[in-house]
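This briefing goes through the surroundings of a bound ligand and then turns to aromatic rings. Please keep the sequence and the structure in view while reading.

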Amino acid sequence: MIQSGRSALVTGGNRGLGAAIARALSDAGHTVIITHTPGNEQPVAWLERQEYQGRKVAVYGVDVADYESTEALARQLHADGHHVDILVNNAGITRDGTLHKMDKSAWDAVLRTDLDSMFNVTKPFLGPMLERGWGRIINISSINGSRGQFGQTNYSAAKAGVHGFTKALALEVARKGITVNAVSPGYLNTEMVMALREDVRARIVEGIPVGRLGEPHEIAALVAFMASDAAAFMTGSNVAMNGGHHMS
Ligand code: CAA
């Protein structure tokens, strides 16, 4: 396989959508660095397969909700000889519940992990991208950031915030060789969606025009395109991929 000479950092790349994105970027010839939450080391099986196939994947623990942790990650990556050309801000959580029943802790956890992480992770890697004059920043938002979702005031607010962050930063770096885009997936066949109550999930799938959940690799292919040289004219975009759910 031809290596691109570029490195991609995928937060939450150990499982679900993040793992599919890491794999697609690796398939595209990029060196891949994935992160997982400290203490949640699940990437091993996937990683062994990657290494078996001769792919370079580095794994680090980081708490994307904590700026000190992301700064420490940036220092460690630098010390280990890595640089980040492609940043995929993928790590995210849900703490669903109607606002009436939602604790402050469920609000804070989602806002910190899903929105503060945009600042925390992007900030330490932006300077070096500006110095190199090339970069791709891809932020994973959600259909629920634009559509809203019953039981997700926290998540919908955070994911809508990701849209704003994406567009503002895209403007700031548009002339510096760096593109900043968001992807808004719909409901996917991942642990996060499979954790929904079965009746709730069945009702959601009924509302998806194509009649099924999306597969993580379908979103990952879009991310790999956004990370490529071919996508240089795309910036500040928020691309929906949701089986037509945004129309229903
Ligand atoms: N619209 C209108 N009313 C709704 C509704 C909806 N979408 N969903 C539920 N209700 C109503 C119910 O009919 C019920 O009404 P009654 O009291 O009159 O019977 C009432 O609201 C309570 O509903 P629940 O029994 O579901 O309430 P709950 O407190 O047990 O559960 C909940 C609340 C946890 C939020 C649950 O509704 C739920 O899981 N909803 C889905 C949340 C969701 O989609 N999360 C996405 C996770 S995956 C993800 O986020 C990835 C991504 O980016 C897409």
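How many Å separate a polar side-chain atom of tyrosine 187 from an oxygen atom of the ligand? In this predicted model, the distance between these two atoms is 2.7 Å. The points below begin with the other polar contacts of the ligand and end with an aromatic pair.

**Polar contacts of the ligand**
- Glutamine 152 places a polar side-chain atom 3.0 Å from an oxygen atom of the ligand.
- For arginine 203, the contact is with a nitrogen atom of the ligand, which lies 3.4 Å from an N or O atom in the side chain of this residue.
- The ligand taken alone exposes 1100 Å², and 59% of that area is buried by the protein.

**Position and shell**
- The site occupied by the ligand is the largest pocket.
- Around the ligand there are 19 residues, of which Asp96, Lys101, Ser142, Tyr155 and Tyr187 come nearest.
- Sorted by class, this shell consists of eight nonpolar, seven polar and four charged residues.
- At least two residues of the shell are supplied by α7 (191–194), and at least two likewise by α8 (198–206).
- The largest share of the shell comes from α8, which contributes three residues.

**Aromatic pair**
- A pair of aromatic rings is described by the distance of the centres and the angle of the planes.
- The count of aromatic pairs in the model comes to one, and this pair is formed by tyrosine 67 and phenylalanine 119, whose rings are tilted, with 5.4 Å from centre to centre and 45 degrees between the planes.
- The pair links distant parts of the chain, since tyrosine 67 belongs to helix α3 (residues 67–79) and phenylalanine 119 to helix α4 (residues 104–132), with the two residues 52 residues apart.

How values were computed: Residues are numbered from 1 along each chain as its sequence is written. This is a predicted model: local features need pLDDT of at least 70, side-chain atom pairs count only at pLDDT 80 or more; totals for chains, interfaces and linings use all residues. Side-chain values use heavy atoms; hydrogens and water are left out. A residue is near a molecule or strand if one of its heavy atoms lies within 4 Å of it. A polar contact is a pair of N or O atoms within 3.5 Å; within protein, one must be able to donate a hydrogen and the other to accept it, and residues adjacent in sequence count only if both atoms are side-chain atoms. Accessible areas come from the Shrake-Rupley method with a 1.4 Å probe; for residues, only the protein chains shown count as cover. On a 1 Å grid over the protein atoms alone, a cavity is a set of points where a 1.4 Å probe fits but cannot get out, and a pocket is an open set with protein on both sides within 12 Å along at least five of seven lines; lining residues have an atom within 4 Å of a point. A molecule sits in a cavity or pocket if more than half of its atoms lie within 2 Å of its grid points. Helices (H or I, at least four residues) and strands (E, at least two) are DSSP runs, numbered from the N terminus. Ala, Val, Leu, Ile, Met, Phe, Trp, Tyr, Cys and Pro count as nonpolar, Asp, Glu, Lys and Arg as charged, and the others, Gly among them, as polar. Rings of Phe, Tyr and Trp (its six-membered ring) pair if their centres lie within 6.5 Å; planes under 30 degrees apart count as stacked, over 60 as edge-to-face and the rest as tilted.
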